[in-house]
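Work through the exercises below with the structure in view. Each task is followed by a solution in steps.

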Amino acid sequence: MPKHSLEELQAIAKRVRRAIVQMTGAAKSGHPGGSLSQVEILVTLFFGGVMRHDPAHPEWAERDRFILSKGHGCPALYAVLAEAGYAPIDQLNTLRKLGSIYQGHPDKRFLPVLEASTGSLGQGLSIGLGMALAGRLDARPMRVYVVLGDGEIQEGQIWEAAMFGAYHRVDNLVAIVDYNKLQLDGFIKDIMELEPLVAKWQAFGWHVIELNGHDIPALQAAFAEAATLKGKPTVIIAHTIKGKGVSFMENSPKFHGVAPTKDEVAQALKELE
Ligand SMILES: Cc1ncc(C[n+]2csc(CCOP(=O)(O)OP(=O)(O)O)c2C)c(N)n1
Ligand SMILES: [Mg+2]
C-alpha cells in the first residue's frame, strides 16, 4: 500500500465513520459504538504503513493477517476493506441483509478475503496465535494483528491464549485492546473491572504499550516498536471512546447494539462532514 500522510489517514478515518453510520442506519440494527471506537486502529494498520498487504494480491502467502476478534464491530472492518479495494464499496449498505457479503458478524463464507469468521467473543487471539506460529514454522516474515474488545477480554479463553503466546514467544503477533470502557449494556467497572490491566498483561509475559487509540502517530510508533521486539508478543492497550466522532453516541451504552434512526444518521453525518 502507498504510504499516506496523517491528513490522508484522518480523511480515511472520517469516511470510515460515515460509512459505519450509514450502514447501521440502513440495516436498522448493528453495533455502531464499538465500530466507531476502533476506526483509527484499523485505519493505521491498513493504511498507515503498518501491515504488509496488497489488495491486488489478497492471497499473497506472506501478507500480514488481521483478525477482528470483536466481530460485532465489523462495519468498521468492512468499510476499511472496501476503502482498500478488497471488497465492493457500493454494497456496504447491504449490511445484515439476507445473503449479503457483509453479514452482521464477519463470515468468511460470504466474504473470503476475511482471515477468520469471528463474533463469538474470546476466540480471535487463539486463532491469531495459531496463524503466527504457522508463519514461524513456514519461516514467513508475516505478522498477525488481533483487535480485542475490553468486555471481550473478560472471557477465560483470552487468558489461556495470553499464557500460551508468552510461553511460546510469539513475537510476530500484536493484540490491540479497544479499551472503550463499555461492554454490551454498561460500563466495564460496574460489571467486571479489568484494572490493573497493564500489570495483568505484563504478569502474563507480554510487552505492553498503553496509548490513546485515536492518536494515529502514537499507534504507528507502537506498531513499529512491536515489530522490533524479539521473544515476546506485544499488547497495545488503546484507550478509546465508544461511539467516537458522533456526539450523542460517545460514551453511551445505548449505542452498543442500537442503530441510529434516520434523523440520527442525518445529524451524525453533519457532525462528520
Ligand atoms: C461468546 C459471546 N458471548 C456473548 C456475545 C454477545 N456480545 C456481543 S458484543 C458483547 C459485548 C462486548 O463488549 P466489548 O468487547 O467491550 O465490545 P465493544 O465495546 O468494543 O463494542 C457481547 C457480550 C458474543 N458475541 N459472544
Ligand atoms: Mg468495550
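A residue is called buried when its relative accessible area is under 20%, and exposed when that area is over 50%. The model is a predicted one.

**Exercise 1.** Determine how many residues of helix α4 (residues 74–84) are buried, and name what covers them.

Solution.
Step 1. Apply the cut-off along the helix: Cys74, Pro75, Ala76, Leu77, Tyr78, Ala79, Val80, Leu81, Ala82 and Ala84 are buried.
Step 2. Count them against the length: ten of the eleven residues are buried, so α4 is largely enclosed by the rest of the structure.
Step 3. Look for the cover: it includes α1 (6–27), α2, α3 and β1 (65–68).
Step 4. Move past the end of the helix: Gly85 follows α4 and has a positive phi, near 95 degrees.

**Exercise 2.** Decide whether Gln38 is buried or exposed, and list its contacts outside its neighbours within four places in sequence.

Solution.
Step 1. Locate the residue: Gln38 is in the loop that lies between α2 (32–36) and α3 (39–47).
Step 2. Gln38 counts as buried because its relative accessibility is 0%.
Step 3. With neighbours within four places in sequence left aside, Gln38 is in contact with Leu68, Lys70, Gly73, Ala76, Val147 and Asp178.
Step 4. Take Gly73 from that list: its backbone oxygen is 2.9 Å from a polar atom of the Gln38 side chain.

**Exercise 3.** Find which residues of helix α6 (residues 156–167) are buried and which are exposed on the other side.

Solution.
Step 1. Check the span: α6 has twelve residues and extends 17 Å from first C-alpha to last, close to the expected 16 Å.
Step 2. The buried residues are Ile158, Trp159, Ala161, Ala162, Gly165 and Ala166. They lie on the same side of α6 because their arc around the axis is only 155 degrees.
Step 3. Turn to the other side of α6, where Gly156, Glu160, Met163 and Tyr167 are exposed.
Step 4. The cover over the buried residues includes α5 (124–137), β2 (144–149) and α8 (197–203).
Step 5. After α6 comes Arg169, with a positive phi near 50 degrees.

**Exercise 4.** Describe the surroundings of ligand 1.

Solution.
Step 1. There are 17 residues around ligand 1, and Lys70, His72, Gly119, Asp150 and Lys242 come nearest.
Step 2. Turn to backbone atoms: a polar one of Gly151 is 2.8 Å from an oxygen atom of ligand 1, a backbone N or O atom of Glu152 is 2.8 Å from a ligand oxygen, and one of Leu182 is 2.9 Å from a ligand oxygen.
Step 3. Consider the area: ligand 1 taken alone exposes 600 Å², and the protein buries 76% of that.

Key. Residues are numbered from 1 along each chain as its sequence is written. Chains are lettered from A and ligands numbered from 1 in the order in which they are written. This is a predicted model: local features need pLDDT of at least 70, side-chain atom pairs count only at pLDDT 80 or more; totals for chains, interfaces and linings use all residues. Side-chain values use heavy atoms; hydrogens and water are left out. Helices (H or I, at least four residues) and strands (E, at least two) are DSSP runs, numbered from the N terminus. The expected span of a helix is 1.5 Å times one less than its number of residues. Buried means under 20% relative accessible area, exposed over 50%, partly exposed in between (1.4 Å probe, protein chains only). The arc is that of the directions from the helix axis to the C-beta atoms. Contact means heavy atoms within 4.5 Å. A residue is near a molecule or strand if one of its heavy atoms lies within 4 Å of it. A polar contact is a pair of N or O atoms within 3.5 Å; within protein, one must be able to donate a hydrogen and the other to accept it, and residues adjacent in sequence count only if both atoms are side-chain atoms. Accessible areas come from the Shrake-Rupley method with a 1.4 Å probe; for residues, only the protein chains shown count as cover.
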